[in-house]
Amino acid sequence: MGSNSSRIGDLPKNEYLKKLSGTESVSENDPFWNQLLSFSFPAPTSSTELKLLEEATISVCRSLVINNPRTGNLGALIKVFLSRTKELKLSAECQNHIFIWQTHNALFIICCLLKVFICEMSEEELQLHFTYEEKSPGSYSSDSEDLLEELLCCLMQLITDIPLLDITYEISVEAVSTMVVFLSCQLFHKEVLRQSISHKYLMRGRCLPYTSKLVKTLLYNFIRQEKPPPPGAHVLSQQSDGGGLLYGLASGVATGLWTVFTLGGVGSKAAATPELSSPLANQSLLLLLVLANLTDAADAPNPYRQAIMSFKNTQDSSPFPSSIPHAFQINFNSLYTALCEQQTSDQATLLLYTLLHQNSNVRTYMLARTDMENLVLPILEILYHVEERNSHHVYMALIILLILTEDDGFNRSIHEVILKNITWYSERVLTEISLGSLLILVVIRTIQYNMTRTRDKYLHTNCLAALANMSAQFRSLHQYAAQRIISYTCRHLRRYVYVLDKLYFPHSHCSTLQHCFSTLSDNGEELLSLTCSHILRSYASSLFSLLSKKHNKVLEQATQSLRGSLSSNDVPLPDYAQDLNVIEEVIRMMLEIINSCLTNSLHHNPNLVYALLYKRDLFEQFRTHPSFQDIMQNIDLVITFFSSRLLQAGAELSVERVLEIIKQGAVALPKDRLKVRPVKEAALVHHVGSMFVSEQALLRVTVPTSTRARKGPVNTASPSIWVLSDAEGVSEENQTPSEHSICYE
């Protein structure tokens with residue numbers, strides 16, 4: 001490096017880097033620093049170039065690790081940077097490009113060194129390297145100023161106080177990125193760091209007063225989505241639309257942290273990395289999420305999480321309670337707009353989830369918006385393209401819907417919003433449909449995808465929970481949405497009969513069902529219904545009669561088989577028998593949803609009654625089923641009542657005439673004849689608040705290869721999306737429904 005441009009291949013031989021990492025001490029007042037920091041560097045444009053850069057500089061960095069205890073050059077470099085930042089604000093006002101350029105380069109070198117130091121040594125050793133000064137070999141000053149704390153405070157001041165201009169954009173990005181690199185210490189520890197240097201400096205001491213200001217600045221960076229300046233706007237010739245060199249380096253670590261925080265890695269599909277339009281917004285969002293999910297210190301809660309939980313709208317003039325620390329105000333309208341526009345990013349989806357779950361002010365504001373479609377549609381599109389999304393992104397989107405559907409006002413209002421020409425929904429042309437009906441279609445599609453592909457044992461429960469929350473408020477369901485509710489229920493009713501048939505009549509001709517299910521898609525449901533009709537009528541009575549005697553025993557055996565607790569003398573059940581519990585759970589929930597809609601809003605949903613009557617033959621087979629008798633009473637009453645009215649009207653009725661009869665019958669049907677059942681509304685358990693980014697989850701993922709391996713073991717346990725308990729040691733294998741994120745009230 002130096003006054004000339006540098007290439008990656010020349011770095012190991014660079015005389016200035018050799019002097020920095022060599023055995024000779026360099027005073028902080030030495031002219032050497034001006035020479036070292038006067039370099040330009042072509043920014044890496046690919047992961048290959050980033051890897052080459054790391055390989056080229058590792059020898060220099062390791063040499064500094066060895067020599068720094070006797071030279072103290074790392075401390076001298078940091079002091080040079082600190083002295084320059086004191087004049088940075090004035091330099092920005094005076095448009096002093098050269099001074100800002102050199103300060104930027106100093107921070108770039110510090111971040112490169114910090115990344116390697118964190119990978120190569122423990123936190124205690126890292127702290128010692130910040131205290132070494134020019135003395136006899138191996139000695140250091142115990143009463144010297146704490147450069148590490150000084151550096152962190154300086155970075156926070158730089159982020160919050162330096163005005164964002166073309167000439168300061170890059171150094172602002174790099175200040176944020178350096179803090180992300182600093183917080184990557186957790187990546188190299190199996191244990192949760194509760195007494196780490198991040199707790200020591202960021203949660204107390206001189207950095208603590210900057211908490212609310214830092215969180216507010218990071219949020220506004222995300223909101224504004226400021227693009228990098230065009231080439232030529234800064235003296236640094238290596239700039240491009242993708243950001244500076246340090247952004248490239250730090251984003252490697254940030255990406256690694258993000259993979260950890262969202263439980264990516266093993267078993268998770270890699271998401272396509274879109275071109276970043278705003279490196280500052282992206283890095284600010286990552287830093288915000290990392291800070292918000294730091295583990296509470298032993299003697300103090302995480303102040304950054306407190307700030308995120310308590311900030312208010314700028315239009316809210318009520319005073320903050322004295323018990324709420326680190327409070328501030330922000331423009332909720334701008335925040336809402338940014339969140340709606342950025343949901344293609346899973347980081348932004350996690351921020352939305354965090355705010356909805358933890359900040360009651362944000363949740364109340366969003367639920368009161370009259371343009372909720374701007375937020376809900378991007379979430380639905382994530383679920384619709386489930387095949388292309390990471391599992392954690394899909395699950396976060398689903399949990400957001402679950403939070404929203406806990407509010408009755410939301411459940412009513414989404415049926416009043418009419419959408420036209422939903423281009424991304426390809427199963428059927430939807431020229432006009434309510435937001436509520438579209439939500440139902442997408443959630444049912446997600447359930448179906450999960451049951452046939454991923455077979456996640458809890459994902460379908462969350463989907464059904466969202467529908468259950470909405471069911472009492474269903475209004476004017478689109479005919480296709482009503483059809484999908486009934487047809488999906490029928491699909492599982494037929495599957496249920498098939499499984500029972502295989503259990504009790506293993507050699508029967510009902511194996512025809514298996515062929516139908518494996519070869520026919522949704523479009524073949526009518527043919528499937530006709531094919532199975534005779535079989536259902538032949539076997540239903542005998543199956544359910546036998547089921548009433550052996551049902552509990554079969555389910556118990558299936559459950560034991562699933563949990564692996566069968567004794568050595570027991571014969572394991574076949575795969576289809578192990579599906580029995582899941583199928584019955586889905587059927588019961590779908591029947592609860594239909595029953596809730598019929599009981600609370602029958603006259604608002606003629607299309608649902610129409611679809612139910614169209615499939616009444618199948619539902620009638622289950623009226624005496626011991627597991628569903630209680631739920632089937634209202635459904636059977638509706639089928640019987642409207643069937644008799646249609647029979648009285650005569651044959652060859654048009655669709656319009658049938659709907660007219662249904663509407664008239666809905667008014668005539670006495671409401672007291674329908675027994676009101678308590679609705680099992682689903683809600684998030686409180687401790688799920690940190691489910692995606694809990695420290696326990698951090699310990700169960702593979703450290704990305706982009707982060708250089710340190711000396712000693714690194715935690716490489718497989719990730720588990722179901723790590724929800726606060727107790728350590730909980731894994732996916734021993735997860736039970738009581739630990740799940742959903743409860744019914």
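These legends describe close-up views of a predicted model.

**Figure 1. The whole chain, a predicted model with 32 helices and 6 strands.** The chain has 745 residues, and 58% of them count as buried. Many contacts link distant parts of the sequence. Among contacts between residues at least 6 apart in sequence, 76% join residues at least 24 apart. The views below pick out individual helices, side chains and loops.

**Figure 2. The aromatic pair of Tyr16 and Phe32.** A search of the whole structure finds 12 aromatic pairs. In the pair of Tyr16 and Phe32, the ring centres lie 6.2 Å apart and the planes meet at 35°, so the pair is tilted. Tyr16 belongs to helix 1 (residues 15-21) and Phe32 to helix 2 (residues 32-36), so the pair ties together parts that are 16 residues apart in sequence. Both residues can be checked for burial. Tyr16 counts as buried, at 18% relative accessibility. Phe32 is also buried, with a relative accessible area of 2%.

**Figure 3. An aromatic cluster, and charges over rings.** Five residues form one aromatic cluster: Phe311, Phe328, Phe332, Tyr336 and Tyr365. Elsewhere, charged side chains sit over rings. Lys312 lies over the face of Phe320, 4.2 Å from the ring centre. Arg445 places its charged end over the ring of Tyr384, at 4.1 Å from the centre.

**Figure 4. Helix 6, mostly covered.** Helix 6 runs over residues 97-120. Its 24 residues should span 34 Å at 1.5 Å a residue, and the end C-alpha atoms are 35 Å apart, which agrees. Of these 24 residues, 21 are buried. What of the cysteines? The sulfur of Cys112 has its closest cysteine sulfur in Cys111, 6.1 Å away, too far for a bond. The search of the whole structure finds 0 disulfides. Another cysteine, Cys490, counts as buried at 0% relative accessibility.

**Figure 5. The loop before helix 6, with Gln95.** Gln95 lies in the loop between helix 5 (88-93) and helix 6. Its phi is near 60°, a positive value in a residue other than glycine. Most residues other than glycine have a negative phi. Gln95 is partly exposed, with a relative accessible area of 42%.

**Figure 6. A second loop, with a positive phi at His326.** His326 sits in the loop between strand 1 (312-313) and strand 2 (329-330). Phi of His326 is near 60° and thus positive, in a residue other than glycine.

**Figure 7. Helix 13, with 14 of its 14 residues buried.** Helix 13 takes in residues 279-292. Its 14 residues should span 20 Å at 1.5 Å a residue. The end C-alpha atoms are 20 Å apart, which agrees. The helix is mostly covered.

**Figure 8. Leu467 in helix 22.** Helix 22 covers residues 459-471 and holds Leu467. This leucine is buried, with a relative accessible area of 3%. Which residues does Leu467 contact, leaving aside neighbours within four places in sequence? They are Ile440, Val443, Ile444, Ile447, Phe474 and Ile593. Leu467 and Ile444 are 23 residues apart in sequence, yet their C-alpha atoms are 8.8 Å apart in space.

**Figure 9. Helix 31, with a buried side and an exposed face.** Helix 31 runs over residues 655-668. At 1.5 Å a residue, its 14 residues should span 20 Å, and the end C-alpha atoms are 20 Å apart, which agrees. Its buried residues are Val658, Leu659, Ile661, Ile662, Gly665 and Ala666. They cover an arc of only 160° around the axis, which puts them on the same side of helix 31. The face turned away from that side carries the exposed residues Glu656, Lys663 and Val667. The buried residues pack against helix 28 (606-614) and helix 30 (629-649).

**Figure 10. Phe642 in helix 30.** Phe642 is buried, with a relative accessible area of 1%. Not counting residues up to four places away in sequence, Phe642 touches Leu602, Val609, Leu613, Ile662, Gly665 and Ala666. Ile662, Gly665 and Ala666 are among the buried residues of helix 31. Phe642 and Tyr610 are 32 residues apart in sequence and 9.3 Å apart in space, C-alpha to C-alpha.

Terms used. Residues are numbered from 1 along each chain as its sequence is written. This is a predicted model: local features need pLDDT of at least 70, side-chain atom pairs count only at pLDDT 80 or more; totals for chains, interfaces and linings use all residues. Side-chain values use heavy atoms; hydrogens and water are left out. Rings of Phe, Tyr and Trp (its six-membered ring) pair if their centres lie within 6.5 Å; planes under 30 degrees apart count as stacked, over 60 as edge-to-face and the rest as tilted. Helices (H or I, at least four residues) and strands (E, at least two) are DSSP runs, numbered from the N terminus. Buried means under 20% relative accessible area, exposed over 50%, partly exposed in between (1.4 Å probe, protein chains only). A charge sits over a ring if NZ of Lys or CZ of Arg is within 6 Å of the ring centre and within 35 degrees of the ring normal. The expected span of a helix is 1.5 Å times one less than its number of residues. The arc is that of the directions from the helix axis to the C-beta atoms. Contact means heavy atoms within 4.5 Å. A disulfide is a pair of cysteine sulfur atoms within 2.5 Å.
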